[in-house]
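Work through the exercises below with the model open. Each task is followed by a stepwise solution.

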Number of protein chains: 2
Amino acid sequence: MAVISSITIRRARRGDVGVIVKMLADDPLGSARERIEDPLPPSYFRAFEAVEDDPNIQLVVAEDADGAVVGCLQLCVLPGLSSQGASRGLIEDVRVATHCRSRGIGEQLVQWAIAEARARSCKLVELLTHHTRVDAQRFYRRLGFQPSHVGMTLRF
Amino acid sequence: MAVISSITIRRARRGDVGVIVKMLADDPLGSARERIEDPLPPSYFRAFEAVEDDPNIQLVVAEDADGAVVGCLQLCVLPGLSSQGASRGLIEDVRVATHCRSRGIGEQLVQWAIAEARARSCKLVELLTHHTRVDAQRFYRRLGFQPSHVGMTLRF
């Protein structure tokens, strides 16, 4: 039987930036993109402040029963004219710490984001997942997402 | 030889909402989602105000030499921790009026968005395009985008 971890989802704080960046880096795609140094490059903290200042963006973390941060997710609620002026939710940067996977933490994070997007009157939640992340695609399908779109990227 | 329309790209104004919504609706996928009425449902104007109030979102239109609005695009610049705290640009709601297609208007709009995202220090521009929009995918590939991701959506 699957063990479901009991977590608390809360807004990320400045003190969480280090552990969030570690989770972003702990991944075949992310490891090449991040810089884990002590102290962390200040660009991470500037980005955290920009996220905090934006009322349409919520960076949240999953905290386990011991108060350790074991997952993260960023939700952007984006207004726009299409679909009769409905906002849409964009989910980004979903990560669960390696040693805590398969315990329902990612699912609780994504379900939180879906509920929050609904509460903020979105009619759609969307996300991009790398085409090689087949497990992630299966996970999102199980939560009701459809692979309806091609996610196209241009990296500078 | 292709005719390239000379256009001006400018921020959308409240008076443009009607023509933007018509372009959003003039499309097999969009027609079922929009409500073209006179007057337009107020939800469109509320969404326009939310877009205008958000410093990270720019809804722009392409105006032809006669001052007619013939295209639109929305660019969101989203801060986030990943990729060393680089913002990313999200392109949405790209439309060109039916009678003005194949004149380079969409390309000029997307190139504007790429340049703007770069100017705002993004390291990545991303977008979702419906899997049935094969022409759109070819168009974005030509502009340098890769179909690297699966775009997953959950519609309420």
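**Exercise 1. Symmetry of the copies**

Task: Determine how the two copies meet and how they are related.

Solution.
- Step 1. Compare the interface residues. Of those in chain A, 100% are also interface residues in chain B, so the copies meet through the same surface.
- Step 2. Note the origin of the coordinates. This is a predicted model.
- Step 3. Superpose the chains. A turn of 180° and a shift of 0.0 Å along the axis lay chain A on chain B, with an RMSD of 0.0 Å.
- Step 4. Classify the operation. The two copies are thus related as by a two-fold rotation axis.

**Exercise 2. Salt bridges between and within chains**

Task: Find how many salt bridges the whole structure holds over all chains. Then place the pairs made by A:Arg88, A:Glu92 and B:Glu49.

Solution.
- Step 1. Search the whole structure. The total is 20 salt bridges over all chains.
- Step 2. Take A:Arg88. Its salt-bridge partner is B:Asp93, with the closest N and O atoms 3.0 Å apart. A:Arg88 lies in strand 4 (residues 87–96) of chain A and B:Asp93 in strand 4 (residues 87–96) of chain B, so this pair joins two chains. Both A:Arg88 and B:Asp93 are buried.
- Step 3. Take A:Glu92. Its side chain meets that of B:Arg88 in a salt bridge, at 3.0 Å from N to O. This pair also crosses between chains, from strand 4 of chain A to strand 4 of chain B. A:Glu92 and B:Arg88 are both buried.
- Step 4. Take B:Glu49. It forms a salt bridge with B:Arg14, at 2.6 Å from N to O. The pair links distant parts of the chain, 35 residues apart. B:Glu49 sits in helix 2 (residues 42–53) of chain B, and B:Arg14 in the loop between strand 1 (8–11) and helix 1 (17–25) of chain B.
- Step 5. Check exposure. B:Glu49 has 36% relative accessibility and counts as partly exposed. B:Arg14, at 44%, also counts as partly exposed.
- Step 6. Look for shared partners. Salt bridges join A:Arg10, A:Asp16 and A:Glu63 into one network.

**Exercise 3. The two faces of a helix**

Task: Check the span of helix 2 of chain B, then sort its residues into buried and exposed.

Solution.
- Step 1. Compute the expected span. The helix has 12 residues; at 1.5 Å a residue, they should span 16 Å.
- Step 2. Compare with the model. The end C-alpha atoms of helix 2 of chain B are 17 Å apart, which agrees.
- Step 3. List the buried residues of helix 2 of chain B. They are B:Ser43, B:Tyr44, B:Ala47, B:Phe48 and B:Val51.
- Step 4. Take their directions around the axis. The buried residues cover an arc of only 140°, which puts them on the same side of helix 2 of chain B.
- Step 5. Turn to the face away from the buried side. It carries the exposed residues B:Pro42, B:Arg46 and B:Asp53.
- Step 6. Find what the buried residues pack against. In chain A it is helix 3 (82–85). In chain B it is helix 1, strand 2 (57–63) and strand 3 (69–78).

**Exercise 4. Cysteines**

Task: Count the disulfides over all chains and explain why B:Cys122 has no bond.

Solution.
- Step 1. Apply the cut-off. Two cysteine sulfur atoms must lie within 2.5 Å. The count comes to zero disulfides over all chains.
- Step 2. Inspect B:Cys76. It is in no disulfide, and the nearest cysteine sulfur, in A:Cys76, is 8.4 Å away. B:Cys76 is buried, with a relative accessible area of 0%.
- Step 3. Inspect B:Cys122. The closest cysteine sulfur, in B:Cys76, is 10 Å from its own, too far for a bond. B:Cys122 is buried too, at a relative accessible area of 5%.

**Exercise 5. Two residue environments**

Task: Locate A:Gln137 and A:Arg133, and list their contacts beyond four places in sequence.

Solution.
- Step 1. Place A:Gln137. It is in helix 5 (residues 134–142) of chain A and, at 14% relative accessibility, counts as buried.
- Step 2. List its contacts. A:Gln137 touches A:Thr129, A:His130, A:His131, B:Val150 and B:Met152.
- Step 3. Place A:Arg133. It is in the loop between strand 5 (122–130) and helix 5 of chain A. At 24% relative accessibility, A:Arg133 counts as partly exposed.
- Step 4. List its contacts. A:Arg133 is in contact with A:Asp27, A:Leu29 and A:Arg95.
- Step 5. Compare sequence and space. A:Arg133 and A:Leu29 are 104 residues apart in sequence, with C-alpha atoms 9.8 Å apart.

Key:
Residues numbered from 1 in each chain as written. Chains lettered and ligands numbered in written order. Predicted model: local features only at pLDDT ≥ 70, side-chain atom pairs only at ≥ 80, totals over all residues. Heavy atoms only, no water. Salt bridge = Lys/Arg side-chain N within 4 Å of Asp/Glu carboxyl O. Helix = DSSP H or I, 4+ residues; strand = E, 2+ residues; numbered from the N terminus. Buried < 20%, exposed > 50% of the residue type's maximum accessible area, 1.4 Å probe, protein only. Least-squares fit on C-alpha atoms with pLDDT ≥ 70 in both. Contact = heavy atoms within 4.5 Å. Expected span 1.5 Å × (residues − 1). Arc of directions from axis to C-beta.
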